[in-house]
Number of protein chains: 2
Amino acid sequence: MKACRREAAPYTPVWLMRQAGRYMPEYREVREKFGFLALCTRPEVAAEVTVTAVRRLGVDAAIIFADILLPLIPMKLGLSYEAGGGPRIERRVASAEDVSALREIEPAESLSFVADAIRIVRRELPDRPLIGFAGAPFTLASYMIEGGSSRDYRLTKTFMYREPMAWDRLMGMLAKITGKYLQMQAAAGADLIQLFDSWVGALSPADYRRFVMPYSRAALAPLAGRIPTIHFGTGTAGLLEAMREAGGDVIGVDWRVNLREAWSRLGNGVAIQGNLDPMVLLAETAEIRRQVKIVLEQADGRPGHIFNLGHGILPQTPVDHAIALVDMVHELTSR
Amino acid sequence: MKACRREAAPYTPVWLMRQAGRYMPEYREVREKFGFLALCTRPEVAAEVTVTAVRRLGVDAAIIFADILLPLIPMKLGLSYEAGGGPRIERRVASAEDVSALREIEPAESLSFVADAIRIVRRELPDRPLIGFAGAPFTLASYMIEGGSSRDYRLTKTFMYREPMAWDRLMGMLAKITGKYLQMQAAAGADLIQLFDSWVGALSPADYRRFVMPYSRAALAPLAGRIPTIHFGTGTAGLLEAMREAGGDVIGVDWRVNLREAWSRLGNGVAIQGNLDPMVLLAETAEIRRQVKIVLEQADGRPGHIFNLGHGILPQTPVDHAIALVDMVHELTSR
């Protein structure tokens, strides 16, 4: 919490995106038992998975176990997860008419299971900041339009370029839903939130400003001055200034930008989160240590650095390496 | 050629990566008749495809029809292309031993068909600059290690981190082959060359400097002062300064960076190529025009801008849109 406010802390805090994930045997067991979506929608189970990861890794924050696509369930788009695979959206958004037909949901009603899970974790881990989160409008829209993951976002960009008015309506609706969803999480006890615009790095800076920025701003605005916000994306080395304009007390970056350069471009008014390549955790510990030092050198001990990976931890990661990483960050930065 | 030297030109020159490609019916016909690799290895056919694209589009440069993976044929790695799909490498490089077993080829012997194709185009298009090209060591290594395309370069990075000495040997060999291959193309009549480090944007700046830069530099060095070189990559907004240090008279960037910012970071000593998102060509002409103007505004009429897409033209692109793009660039920049 101090790092979010750019205040000096006894050591650089660290957590890992997807810290409760497939790399962890405890998690795989629970996931196999319940299935992924059932795991997300049962508050006791989601809370258990959240807490287990924190205790196992010794990280400085919990992040509620959930999925950025959960709002698509009450929107009735036919969301499913194939075993071990990515999301599939059965009724994808393919036209302006499809946008008009979308249901505007009330997260406080239809996603209340996330608030319940937050309340349980809040009780069980009273001494650890708890992060709530949501997908950003662009990243949500990309899944809805592509019908799943994509390598090139061809359908999304084509929609954006050819149906700009329907695009604006879609993004406006998603911004509203996301803002409400994040407010619900704050009210339930989340200490800070992260907005995941995971795929926004596919866009040019000009397209980001025209087609995305107003909506990310609208999604973050209801939280401003209430709890700290982390605004995260991958491949955003060309978008940093624009993402900062959109909002966030902390800007989350991936490994494809030098942390020092990122910070000098972002200026003094924000904290920064990142940015080890998750692949580094597949290396041996000596190489991991070398790479952790590079990140810490670039951050230069500046107050307001939250150490994290540049994206989610990989399923192939040895649990020992994740634990070693957390220990290294604490050891190398303790004052 | 003037743009490569950063001299004023009567209009901004434009060519399109993959300008002879699947989006063009004439090309599809030839490809179906011969198959992709046969097309690349038959000089008359490769030359015909090269010339047809230039005449059809009215672009300011020809690029020899070939493939960055051609060196893998004489290296006997079992390269093949599935119909309409990406490359497959049957005998992928999985260990340090596999690196030791690699054949160091002599491009002047085993890739002479590319030189022959260059000579034919040189004769048929005497008034148009002809671009030769090769894959950069990192991008070649990634295909060799992954056995094909990849989304995350997991095997490549793991190899790099866990087998740094074998990695250095592999990259050293590929730099040598690439340098010789490019020299052969220059000797055959290429007026300039492009080094494609298409996938290097997957790396952190620190990893680029440690694991890639010396080898890209070694590949480009034999051309320095001989013919102009374009050093291209995608997703390189965090790598620009390092790529410039590695070499190139022109730095090629994709759409994920503002051209003005890229140029100000690269400094006055280089020309720049780019950077329209190829997806824009799937939009209607009014949107294409709006986007072309954004790129041209960012380039600000500065001598040394070569207009291009940020990556290869997409198979779904209407030919008319590609032609319209070329015309727009000429019309909007004619002085």
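**Exercise 1.** Determine how many residues of chain A are in contact with residues of chain B, and where they come from.

*Solution.* Taking two residues as in contact if their C-beta atoms, placed from the backbone, lie within 7 Å, one finds 25 residues of chain A in contact with 25 residues of chain B. This is a predicted model, in which local features need pLDDT of at least 70 and side-chain atom pairs count only at pLDDT 80 or more, while totals for chains, interfaces and linings use all residues. Residues are numbered from 1 along each chain as its sequence is written, and chains are lettered from A in the order in which they are written. Next, with helices read as DSSP runs (H or I, at least four residues) and strands likewise (E, at least two), numbered from the N terminus, α8, α10 (205-211) and α14 (285-299) of chain A each supply at least two residues of the side that touches chain B. The largest share, five residues, comes from α8(A).

**Exercise 2.** Find the operation that lays chain A on chain B.

*Solution.* Superposing by least squares on the C-alpha atoms of residues with pLDDT of at least 70 in both copies, a turn of 180° with a shift of 0.0 Å along the axis gives an RMSD of 0.0 Å. That is the relation of a two-fold axis. In chain A, the C-alpha nearest this axis belongs to A:Ala237, 2.7 Å away. The same surface serves both copies, since 100% of the contact residues of chain A recur in chain B.
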